[in-house]
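Me: I should like to go through this structure in a series of short questions, with the reasoning set out before each result.

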Amino acid sequence: MKNSMRSSTGRRRVPAAVALGAVLALTATACGDDGSGSGGSGGAEGSGKGKITFWDNNGGVRTDIWKEIIADFEKANPDIDVEYVGIASTEYQSKVDTAIQGGGLPDVGGVGAAMLAGFAAQDALEPLDDRLAGSPLDGRLNEDMVESLKAAGGGDGTLYSVPTSANNGVLYYRTDLFEKAGLKEPSTWDAFYEAAEKLTDAGANKFGYTIRGGAGSIAQALDAMYGQSGITSFWNADGKQTTVNDPKNVEALEKYAALYKKVTPAADLNNDFTKMVAQWDSGTIGMLNHNLGSFQDHVKAFGEDKFRGIPQPAGPGGKRVQVSNPVDGLGVFKNSKNKEAAWKFIEFALSHEENSKFNRSAGQVPANLEAAEDAWISESEPTKLAAQALTDGSTTIVQLPYYLPDWNTISKADNEPNFQKVLLGKMSAKEFLDTVAEQLNEAQAEWDEQKG
Amino acid sequence: MITKEATPAAPAAERAAPAPPHPAKRHRPAWDEVPRWQIYLPLGVYLVFTLIPFYWILLFSLRPAGSTSLVPWPVTFDHFEKVWTERSFGTYFGNSVLVGVATLVMTTLVALAGGYALARFDFRIKRGFMLALLCSQFVPGALLLVPLFEIFANLQMINSLGSVILAETVFQLPLSMILISNFIKNVPYSLEEAAWVDGCGRLRAFRIVVLPLLRPGIIAVGSFAFVHSWNHFLFALMFLNNQSKQTIPVGLNTLMSADSVDLGALAAGGIIAAVPVVIVFAFIQKWLITGFSAGAVKG
């Protein structure tokens, strides 16, 4: 039987040529760069009117409050429309990175300290120093937060993101369990260790503390180390060698890691914040280190009268040292065709009323100084104490090197498995910290070299 | 170029008869000779391990926020109501259904056409083409993200469900075509020839004679395409911006913030995401098993 597909060569070539042409045309259009991809070169100041797109870097839980702020903004600026795109925090970096390479960046977006260096290095962000200097916001934002974002932006002191809020490490503890056991507030590290031990009854599935052994473990361990050692700087005097593996920090980590399984559940080895918070909220654990963000989850679990959230315990000589939490902020992307409208939106979102509204919902410390004085702050104890810790000089904040492009890799993928080995006793605290220090020193040297 | 037809598979009767069992081979007990506990105990243990996580999700979704009870009592549907209305899961669900069904239809149609060509025609680059299809399975979607993003951006398809449907279909096609071609190879060529003799064209003969025999294969390929596109996260995350266009997996992801997670809502969202897949599998499992095993061992 003859195959019906056996036709003349000409008949077969026509569809093949059409298909080939279509593929080439598609490839050509795909390769044609309109300036929207890779870094920023195609942006414009724009008319200050029309539509802008806003990408929220913590979409989902914050969607409602951002929509409220956007509605207020559109009411105040009827000639500007804001399209809101909520993106989950875990996926934000990859989405922005893809858009930097492939095009499609928004006009304005959330840019926190932890991601700032990467975006700035790809030349995706608009410098905002001049805009801030000429804005009513100048002098009305928390200077420490502004400086923190400047430092995180790549080291040249340029401001690429305007701070909206700060988070802070909090030690949550169950007041009812403490009262029952006759324990005092864990405001010092000694009191913390004593309470962790006394509240533990492993046979009855009761534990004094829950440690973070999974994703995000390094930042929490650093907080515990510097808090106990009292070392106040991440780098030594010449700025080339990290203090991470200082003998005092090694000793502190040994003591902290020894808590695992002694006063914590064995399952803590794989704890990310979700599991850790869920575990604490189940009600049989005495203390938890997290930040202000989970406060509302604990209120839902226990009500407001069964727990408190206080800053980290004080170390030697009553001095409290904490490591910095990433400051969150808003940035204008360089490719925006309407930078004027994008900046108007940032100015509006950071105004007293709107910044206060946002932070009250998020339970964080406002960047707007007037908002930080609002009454709701004193009603939310953990936020009030965190705000005090960040502003009243009682606490020294060790600034983590968010500006290093390798920081995220070093503090997460490269070393979290090793921290689990430390918890399991398969690696010494010294060996672990020496490895981290070596990587950090190398990254710092590379960064110094690039800066010239 | 295409020059000749493939040789139909040899009839089963012509194949060599199976060798007699080896005399020294140990006697295998028949099903009814095995003590029941030896079957049900391991299955039961396996079932418990499988079901506990599902029970846990159900528990979190049905008990009130803050409850630590191990049974979902008192039952509340607040979490479902919250995710469906406040967190737009109603919209996400509709979008996921649209993406899943469209991917299923497009994948099945193109796989049938492509699979038929692979099964019934010999052409010069056929082996290379089959190899390329297989090799395409080794390329992760994430690797092609930026080029795909650029292509869809240039085609003005970013923020359109069409981009996700197209990308999902393209990624489903290689495996689907290979599976369908194996099924078609198992349909005797003489059946089609008989239809041609009776006056059917190739398309009509395919539709009337071959297609009904491909039901297990079509169900296997279609359900695989649906379930994969239903669960797939990456393309929807990258190609869709507007909340009204997003799909269930992206919606689930937004239930976890950087510092806080509503476990009740997350569990309810997980149940909503799982139910259609469970229903699909419950209805098609008989054909699915037939389909995959037939496609795997023949051809």
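Reply: A residue is called buried if 20 or more other C-beta atoms lie within 10 Å of its own, exposed if 12 or fewer do, and partly exposed in between, with C-beta atoms placed from the backbone. Helices (H or I, at least four residues) and strands (E, at least two) are DSSP runs, numbered from the N terminus. The model is predicted, so local features need pLDDT of at least 70 and side-chain atom pairs count only at pLDDT 80 or more, whereas totals for chains, interfaces and linings use all residues. Residues are numbered from 1 along each chain as its sequence is written, and chains are lettered from A and ligands numbered from 1 in the order in which they are written.

Me: How many of the ten residues of helix α5 of chain B are buried?
Reply: Helix α5 of chain B covers residues 145-154 and is mostly covered. Among its buried residues are L145(B), L148(B), F149(B) and I151(B). The number of buried residues is eight.

Me: Which residue, with a positive phi near 60°, follows α5(B)?
Reply: Beyond α5(B), the loop leading to α6 (161-185) of chain B also holds N159(B). N159(B) has a phi near 70°, a positive value in a residue other than glycine, and is partly exposed, with 19 other C-beta atoms within 10 Å. The residue with the positive phi near 60° that follows α5(B) is Q156(B).

Me: What is the helix content of residues 93-284 of chain B?
Reply: UniProt, in an unreviewed entry, lists this span as "domain: ABC transmembrane type-1"; its positions are given in the numbering used here, feature names are shortened, and annotations may be inferred rather than shown by experiment. The end C-alpha atoms of residues 93-284 of chain B are 21 Å apart, and strand makes up 1% of the span. The helix content is 74%.

Me: How far apart are the end C-alpha atoms of residues 97-119 of chain B?
Reply: The unreviewed UniProt entry lists "transmembrane region" for several stretches of chain B, including residues 97-119 and 161-184. Residues 161-184 of chain B are 100% helix, with end C-alpha atoms 32 Å apart. Residues 97-119 of chain B are 100% helix and 0% strand, and their end C-alpha atoms are separated by 32 Å.

Me: Which residue of chain B is joined to W73(B) by a cis peptide bond?
Reply: Omega of this bond is about 0°. The residue in question lies in the loop between α1 (36-62) and α2 (78-86) of chain B. It is P74(B).

Me: What share of the residues of chain A is buried?
Reply: Chain A has 19 helices and twelve strands, and its C-alpha trace spans about 90 × 65 × 50 Å along its principal axes. Of its 452 residues, the buried share is 49%.

Me: In what order do the four strands of the open sheet of chain A stand?
Reply: Strands of a sheet pair through backbone hydrogen bonds, either parallel or antiparallel. Here two strands are taken as paired if DSSP finds at least two bridges between them. β5(A) is joined to β7 (residues 285-291) by five bridges and to β8 (residues 307-310) by four, running antiparallel to β8(A). The pairing of the sheet is mixed, and the order is β6-β7-β5-β8.

Me: Why is one side of β6 and of β8 of chain A left without a neighbour in the sheet?
Reply: Both β6 (207-210) and β8 of chain A stand at the edges of the sheet. One side of each is left free because each has a single partner strand.

Me: How many residues of strand β5 of chain A are buried?
Reply: In a regular strand the side chains alternate between the two faces of the sheet. G169(A), L171(A) and Y173(A) point one way from β5(A), while V170(A), Y172(A) and R174(A) point the other way. The strand, residues 169-174, is largely enclosed by the rest of the structure, because the buried residues number six of the six.

Me: Which residue of β8(A) is the bridge partner of Y173(A)?
Reply: Within β5(A), L171(A) stands opposite N289(A) of β7(A). R174(A) is opposite F307(A) in β8(A). The bridge partner of Y173(A) is R308(A).
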